[in-house]
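Hi,

Here is the structure I said I would pass on. Have a look at it first, and then read my notes below.

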Amino acid sequence: MTPAKSPQTMKPATAAKKLGIYLPAAPADFQEGDVTRAELNALLESPPEWLVELRLNGPFPRQEVARKLGVSISGLTRGGVDEAFTTPEIKALLEAPPEWLVVERARQAGVMDDNARIKTERAEKAAQKERAERHARTNPNSIAPKPR
């Protein structure tokens, strides 16, 4: 007889991260016990009222605050932000942005532009390489261009 498998569990912090919530704002029973994979799936499929409320109004974890403000987590750190924010606090920051937020949003936009440019350049190089390889396969007597 084989022993019954014990359910796979995770720490509350891991479960909170997977749910996208700020752990200290969750109910005590969620914070104190391990969460099974089945319990996590049940929370995702049919979220209780406390989870719906946290997802709507917060407080939110840093990665969610950064996303909602349009900055990186490093940008939050540079701006001196280390606490969780609620939806009204985030809206207030967006309506009257402090200087650090304006600077970090511009920095984030620059990073996004650079990433898009790099992605386009890589796609163009890959397409060039594919065309050269296709040309070499269809014209075996031609001299293949040297790769750069």
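Before I get to E104, one definition: helices here are DSSP runs of H or I with at least four residues, and they are numbered from the N terminus. With that in hand, E104 is found in helix α8. Do keep in mind that this is a predicted model.

**The overall picture**

The protein has eight helices and two strands. Going along the sequence, the order is β-α-α-β-α-α-α-α-α-α. The radius of gyration is 24 Å, whereas a compact globule of 148 residues would come in near 15 Å. If you lay the C-alpha trace along its principal axes, it spans about 75 × 65 × 25 Å.

As for burial, 22% of the 148 residues count as buried. The protein exposes about 10800 Å², and carbon and sulfur atoms supply 54% of that area. Among contacts with a separation of 6 or more, 54% are between residues 24 or more positions apart.

On the charge side, there are 23 positive and 20 negative side chains. The centres of those two sets lie 13 Å apart.

**Salt bridges**

Side chains of opposite charge can pair when their charged atoms come close. How many salt bridges does the structure hold? There are six, and here are some that I looked at.

Start in helix α5, which covers residues 62–69. E64 and R67 both sit in it, three residues apart, or about one turn of the helix. Their side chains meet in a salt bridge, with 2.5 Å from N to O. R67 counts as exposed because its relative accessibility is 54%, and the cut-off for exposed is over 50%.

Next comes helix α8, residues 99–138. R117 and E121 form a salt bridge there, at 3.1 Å from N to O. These two are four residues apart in the helix, so about one helical turn separates them. R117 has a relative accessible area of 42%, so it is partly exposed. E121 is partly exposed too, at 36% relative accessibility.

Further along α8, E130 pairs with R134 in a salt bridge whose closest N and O atoms are 3.9 Å apart. Which spacing do E130 and R134 have in helix α8? They are four residues apart, which means a separation of about one helical turn. E130 has a relative accessible area of 34% and is partly exposed, and R134, at 41%, is also partly exposed. There is a network to point out as well: salt bridges that share partners join R78, E104 and R107.

**Back to E104**

Is E104 buried or exposed? With a relative accessible area of 5%, E104 is buried, because buried means under 20%. Leaving aside neighbours within four places in sequence, E104 is in contact with V71, G75 and R78. R78 therefore turns up twice: as a contact of E104 and as a member of the salt-bridge network with E104 and R107, where salt bridges share partners.

L101 is another residue of helix α8. Its relative accessible area is 0%, so L101 is buried. Not counting residues up to four places away in sequence, L101 touches L69, V71 and L93. V71 is thus a name you will meet in both lists, as a contact of E104 and of L101.

**Distances along the chain**

L101 and E121 are 20 residues apart along the chain, and their C-alpha atoms are separated by 30 Å. For T77 and E124, the gap along the chain is 47 residues and the C-alpha atoms are 36 Å apart. T77 is found in helix α6, residues 73–78. T77 has a relative accessible area of 52%, so it is exposed.

**One peptide bond to look at**

Where does P59 lie? P59 is in the loop between α4 (49–57) and α5. The bond that joins G58 and P59 is a cis peptide bond, with omega at about 10°.

If you are opening the model for the first time, I would begin with E104: it is buried, it sits in helix α8, and it belongs to the network with R78 and R107.

Cheers

How values were computed: Residues are numbered from 1 along each chain as its sequence is written. This is a predicted model: local features need pLDDT of at least 70, side-chain atom pairs count only at pLDDT 80 or more; totals for chains, interfaces and linings use all residues. Side-chain values use heavy atoms; hydrogens and water are left out. A salt bridge is a side-chain nitrogen of Lys or Arg within 4 Å of a carboxyl oxygen of Asp or Glu. Buried means under 20% relative accessible area, exposed over 50%, partly exposed in between (1.4 Å probe, protein chains only). The radius of gyration is taken over C-alpha atoms; the globule rule is 2.2 Å times the number of residues to the power 0.38. Contact means heavy atoms within 4.5 Å. Accessible areas come from the Shrake-Rupley method with a 1.4 Å probe; for residues, only the protein chains shown count as cover. Lys and Arg count as positive and Asp and Glu as negative; His and the chain ends are not counted. The place of a charge is taken as NZ of Lys, CZ of Arg, CG of Asp or CD of Glu.
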